[in-house]
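The following exercises are to be worked through with the sequence and the coordinates side by side. Each task is followed by a solution that proceeds step by step.

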Amino acid sequence: MIPYGRQSISPEDIDAVTRVLRSDFLTQGPEVPAFEAALAAVCEVPYAVAMNSATSALHVACLALNVGHGDLVWTVPNTFAASANCARLCGAEVDFVDIDPDSWNMSPAELARKFVLAESAGRLPKVIIPVHFGGLSCDMASIHRIAKNYGVRIIEDASHAIGAVYDGGPVGSCQYSDICVFSFHPVKIVTCAEGGAALTRQADLNARMQRLRTHGIVRDQGLMDRTSEGPWFYQQIELGLNYRLTDLQAALGLSQLARLDAFVTQRHQIAERYSYELKGLPLQLPLVEYAGRSALHLYVVLLKGNWASQRARVFSQLRESGIGVNVHYIPVHYHPYYEALGFRRGQFPVSEDYYSRALSLPMYPDLSHEEQAKVIAQMHAILAE
Ligand SMILES: *Cc1c(COP(=O)(O)O)cnc(C)c1O
């Protein structure tokens, strides 16, 4: 089966990990700070805090912005559940902003409309979490302008989007947000096996996220409430977690990061061929450029016209021919956990219509020319009927 996404591992990656296995530190050695420095450099941002997943990074980002009971957080339905779960883990309520039908990202028009209603209802969110779906940046300039009018903080869920460019700078620079989160799961652009990071320009948020990822413990005298009792001394000053990345994972991430541009370029070559070869079919094709370039984590097509109701059949036919298509995403509010919180079908019609017609085609740097030809041929065979 040709998967929809998978990692690309080089001999250098294997060497980097085995070097750590032979070294003194499997965790909390030199690799994590080196990986963080490299991430910060790539993203042109002062601070990067590596963690053991994007889910952890989203949780810590919400905690660092003091999201808690009684607060409200908005994200989009068209995302992985972790973008919403992070708020629930902090005890906050979640609501959703529908997506734009062309970019499949948070719609600034919907956001503006929802803010007007929320303000008159006296129930503004504390934080909004736009998601750079498929690796394409949201319209962050508009989202930032709207949110700042209401004093609302922004976490970018850029799990799909390391290597993307927006408005002349890298996604991750936090030009239009407080915190930006990446995922390093194997299907994402670069991998640590499991891993994530939270980036920020704000020194106070960096310090807070550093201590939340390791139990809320500090060793800095300035943060303690009493004089150090000796070189062993530390204090836990708030409730934190163990969300640390290991040196093994960081070494893999650091080695992968050296190929970030090559990975994104290969993804664009694959996308260009899909877009050229599929353009005559009854499909809406993805935007791969918007005020910059997508990182192209996903290549999603939407079935159009009479085909719109045939997604299940097309999906099965592709799977039967050895093509591991997938669907991103089941709207978050469709999950029983969120239905039990009161969400209903029909509330976010653009995300719901999108979901009913979406197919993610295989997209990863090592997808061979022949494998891609097979995907294209099958799409033509199925949709020619
Ligand atoms: C993958 C993903 C996450 C979670 O990432 P993990 O590193 O697996 O925790 C969160 N949000 C989005 C949009 C994702 O695609």
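**Exercise 1.** Decide whether K114 counts as buried or exposed in this predicted model, and state in which helix K114 is found.

*Solution.* The relative accessibility of K114 is 16%. Because a residue is classed as buried when its relative accessible area is under 20%, K114 counts as buried. As to its place in the fold, K114 belongs to helix 5, which covers residues 108–121. A further spatial reference is F96, which stands 18 residues from K114 along the chain, with 9.4 Å between the two C-alpha atoms.

**Exercise 2.** Describe the shell of residues around the ligand: which residues come nearest, and how do the residues divide into nonpolar, polar and charged?

*Solution.* Begin with the 15 residues around the ligand, of which T55, D157, H160, S183 and K188 come nearest. Sorting the shell by residue class then gives five nonpolar, eight polar and two charged residues. Turning to secondary structure, helix 3 (54–64) and helix 4 (82–89) each contribute at least two residues to this shell.

**Exercise 3.** Find which polar side-chain atoms of S159, S183 and Y329 lie close enough to the ligand to be polar contacts, using a limit of 3.5 Å.

*Solution.* For S183, a side-chain N or O atom is 2.8 Å from an oxygen atom of the ligand. For S159, a polar side-chain atom lies 3.3 Å from a ligand nitrogen atom. For Y329, the partner is an oxygen atom of the ligand, 3.1 Å from a polar side-chain atom. The protein buries 92% of the 380 Å² that the ligand exposes when taken alone, and the space that the ligand takes is the largest pocket.

Methods:
Residues are numbered from 1 along each chain as its sequence is written. This is a predicted model: local features need pLDDT of at least 70, side-chain atom pairs count only at pLDDT 80 or more; totals for chains, interfaces and linings use all residues. Side-chain values use heavy atoms; hydrogens and water are left out. A residue is near a molecule or strand if one of its heavy atoms lies within 4 Å of it. A polar contact is a pair of N or O atoms within 3.5 Å; within protein, one must be able to donate a hydrogen and the other to accept it, and residues adjacent in sequence count only if both atoms are side-chain atoms. Accessible areas come from the Shrake-Rupley method with a 1.4 Å probe; for residues, only the protein chains shown count as cover. On a 1 Å grid over the protein atoms alone, a cavity is a set of points where a 1.4 Å probe fits but cannot get out, and a pocket is an open set with protein on both sides within 12 Å along at least five of seven lines; lining residues have an atom within 4 Å of a point. A molecule sits in a cavity or pocket if more than half of its atoms lie within 2 Å of its grid points. Helices (H or I, at least four residues) and strands (E, at least two) are DSSP runs, numbered from the N terminus. Ala, Val, Leu, Ile, Met, Phe, Trp, Tyr, Cys and Pro count as nonpolar, Asp, Glu, Lys and Arg as charged, and the others, Gly among them, as polar. Buried means under 20% relative accessible area, exposed over 50%, partly exposed in between (1.4 Å probe, protein chains only).
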